[in-house]
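This report describes selected features of one protein model, taken region by region. The sequence and the structure are shown first.

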Amino acid sequence: MGAAGAPRGRPGGGLMARLFPRDGAVGRAVDLRLLRRLWPFVRPQRGLILASLALLLTTSAAALAMTWVVMLIIERHVEGDSSEGLGVLLAWFAALALFEMLGRALGTWTVDVAGQNALLGLRSTLFRHLQALSSAFHDRTPTGRVVGRVTTDIEALQEMFSSGVVTVLGDVIFLCATVALLFTLHWQLTLAVLVVVPLLIGLTLWMRVRVRAAYADMIDSRSRLNAFLHEHIVGMAVVQMFTRERRVRSAFGGISGDMRDAQLRSVSWESVLSASTELLSHLTVALILAYGGSLLLGESLATGLTLAALFAFIDYMRKFFVPLNDLSLKVTVMQSAMTAAERIFHLLDHDDFIPAPKSVVPLPAARGAIAFRGVTFGYDPAEPVLRDVSFEVAPGERVAIVGATGGGKTTLLKLLTRLYDVGEGSITLDGVDVRDYALSELRSRIGIVPQDVFLFGGDVLHNVRLGHPEISEAEARAAADRLHLDQVVARFPLGYHEPVRERGANLSSGERQLIAFARVLAVAPAVLALDEATSQVDTRTEHLLQDALHDLTRERTSLIIAHRLSTIRDVDRILVIANGRLIEQGTHEELLRAGGAYRRLNELQFVSDR
Ligand SMILES: Nc1ncnc2c1ncn2[C@@H]1O[C@H](COP(=O)(O)OP(=O)(O)O)[C@@H](O)[C@H]1O
Ligand SMILES: [Mg+2]
């Protein structure tokens, strides 16, 4: 194990540690604060849990009674010599065995149903929360890690139910009942064998500290593995293109090796623990046989111990050890469940939301008037990306935004749709501050064709409609046809029903852009914003699009971010953004005449276009 040790197998330790930092430590096995927070999800299932507790208790009682029946059989029909009544006892035994089997199956099933239902609720809550969290959160949190919360962490909680931790009360009652029975059988012998119990508890406690540390490492490495896997599967093509497979593989090997080591450590402590318990239980049987046997051989009449009672003793002791052994395993399960709960609630405690408006203001009809007033913004507030940007766009006006890469053009659109909120200044749409709109209302008025198109698995039409109930298939087709998407999909065997794979992997970037275009048009927004939306389509398609665009942009306010200046000559106004500032604005001719940045941009492109 040592040779493939963790630190050595983790290349580029510094960067890796920064990208995949440790992910929480293991907490206590029982954390009341966390249990209280879990309770609302478990509460609706309390009937089921009580039912399963009752079932498990009665089946345990049946198990105890079975031993008692066997003891009677030995007493009356093995030690004694009458066979009268044997049939009845055997029938009892069979009935109890059947009852125990059914009851245990039903009890386990019931508690599993309760657990699954509770976790269904928690999963839904988590997902809703993830949907509400802002871009700022999602931009900085590794996807794989978030996925882990909803999958592996929920699974750890699931284990809490399926391992029967919630019926631990039943175990305790069972143990007490067993001890009581043992005392009625023979109290001296009981006292003698119970000396192993403190031993067992001491052993468990000692082990648990060790298991816990290993466990912390295990979930940490699993979380890092998730994040790493996700990122490198999505980015597989880049790794392959740059032939970095070896490097990535060795990084993966490092994380994966950490995981194995931690798993092994925790598993080996677990197995030592269960083997020791096993050993203790055998030792106890030996103790019973030695002490009990000597009592039996000596003056058995005086001590009241019979052979049958000795059998019962051994059998009860065996049954006694099962839940005791389980208890120590359940502590581990609880520990992992509490850790998972901690992480899940930590995620639920993130309140990185785009704040909802405090009061509802009457909203004007959507016309598409936009105003930026003194807008300053930075993803990191200390480093502004936009500085004091002010401009107005009249309803129906066509405005182009140009400028160097990284200048802040896309950021303007993110602020307009409140993916982020402005630092200073304000943005209004139709005279109302965007922060006073309900998010859904605001976003339904603005349609953005983004720079990086994201498509979902499904078909072309699904990606245009995005499950919008009010967009009929015909409307979606109409929107697509207007963009001449029909000419593109004519090449697909299944036309508009051509399957689109995850992230649109089977389509060209241009095709993806066209679909994103149609997606926006299908909702007919008052404001249309295009973020280099035709950068990937060929010139012929672009010409077709330009025609369609000409119509489309005449009907509504449009913001067009463009690199190819030739595509924006006929807009009403051009804004030039440089380093987060609005440095020039005017029509194509005005800006050319002014001889500033726009003119220089134009000359550069004119030269390179030749
Ligand atoms: N999510 C983000 N987190 C932090 N910085 C960002 C983020 N998105 C963009 N930036 C930074 O903001 C600046 C402006 O980006 P952007 O508005 O996308 O420029 P562009 O004009 O090319 O569209 C860039 O310097 C970029 O590095
Ligand atoms: Mg951009």
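Where does R503 lie? R503 is found in the loop between β8 (499–500) and α19. The model discussed here is a predicted one.

## Backbone around helix α19

R503 has a positive phi of about 60°, although it is not a glycine. With a relative accessibility of 32%, R503 counts as partly exposed. A second residue of this kind is A524, whose phi is positive at about 45° although it is not a glycine. A524 is placed in the loop between α19 and β9 (527–531).

Helix α19 itself covers residues 509–521. At 1.5 Å a residue, its 13 residues should span 18 Å, and the end C-alpha atoms are 19 Å apart, which agrees. Is this helix enclosed or open to its surroundings? Eleven of the 13 residues of α19 are buried, so the helix is largely enclosed by the rest of the structure. The buried residues are G510, E511, Q513, L514, I515, A516, F517, A518, R519, V520 and L521. Charged residues, E511 and R519, are thus listed as buried together with nonpolar ones such as L514, I515 and F517.

## Domain arrangement

The domain assignment of the protein gives domain 1 as residues 30–349 and domain 2 as residues 370–609. Taken over C-alpha atoms, the centres of domain 1 and domain 2 are separated by 56 Å.

## The magnesium ion

Which protein atoms are donors to the magnesium ion (ligand 2)? The protein donors are OG1 of T410 and OE1 of Q451, and they lie 2.0 to 2.4 Å from the ion. T410 belongs to helix α14 (residues 409–416), whereas Q451 is in the loop between β6 (446–449) and β7 (458–459), so the pair ties together parts that are 41 residues apart in sequence.

Both donor residues fall in the partly exposed class. T410 has a relative accessible area of 25% and is partly exposed. Q451, at 33% relative accessibility, also counts as partly exposed.

## Salt bridges

How many salt bridges does the structure hold? The structure holds 24 salt bridges. Side chains of opposite charge can pair when their charged atoms come close.

One of the bridges joins R149 and D153, with the closest N and O atoms 3.2 Å apart. R149 and D153 are four residues apart in helix α6 (residues 143–162), and therefore about one helical turn separates them. An α-helix has 3.6 residues a turn, so residues three or four places apart point the same way. R149 counts as buried at 8% relative accessibility, and D153 is buried with a relative accessible area of 2%.

In two further bridges, the arginine is partly exposed and the aspartate is buried. R260 pairs with D261, the closest N and O atoms being 3.3 Å apart. R260 has a relative accessible area of 40% and is partly exposed, while D261 is buried at 5%. R435 pairs with D433, and here the closest N and O atoms are 3.1 Å apart. R435 is partly exposed, with a relative accessible area of 28%, while D433 counts as buried at 17% relative accessibility. Elsewhere, salt bridges that share partners join D31, R33 and E342 into one network.

## Nonpolar surface and W109

Which residues form a nonpolar patch on the surface? The patch consists of L229, I233, M236 and F252, which together have about 320 Å² of accessible area. Of these residues, F252 is placed in helix α11 (residues 245–297). F252 is partly exposed, with a relative accessible area of 30%.

W109 is located in helix α4 (residues 86–132). Is W109 buried or exposed? At 58% relative accessibility, W109 counts as exposed. W109 and S52 are 57 residues apart in sequence, and their C-alpha atoms are 8.2 Å apart in space.

Notes
Residues are numbered from 1 along each chain as its sequence is written. Chains are lettered from A and ligands numbered from 1 in the order in which they are written. This is a predicted model: local features need pLDDT of at least 70, side-chain atom pairs count only at pLDDT 80 or more; totals for chains, interfaces and linings use all residues. Side-chain values use heavy atoms; hydrogens and water are left out. Patches are made of residues with over 30% relative accessible area and no salt bridge: like charges are joined within 9 Å, nonpolar side chains (Val, Leu, Ile, Met, Phe, Trp, Tyr) within 5 Å. Accessible areas come from the Shrake-Rupley method with a 1.4 Å probe; for residues, only the protein chains shown count as cover. A salt bridge is a side-chain nitrogen of Lys or Arg within 4 Å of a carboxyl oxygen of Asp or Glu. Helices (H or I, at least four residues) and strands (E, at least two) are DSSP runs, numbered from the N terminus. Buried means under 20% relative accessible area, exposed over 50%, partly exposed in between (1.4 Å probe, protein chains only). Donors are N, O and S atoms within 2.8 Å of the metal (3.2 Å for Na, K and Ca); water is not among the atoms, so sites may look incomplete. Domain bounds come from an automatic or database domain assignment. The expected span of a helix is 1.5 Å times one less than its number of residues.
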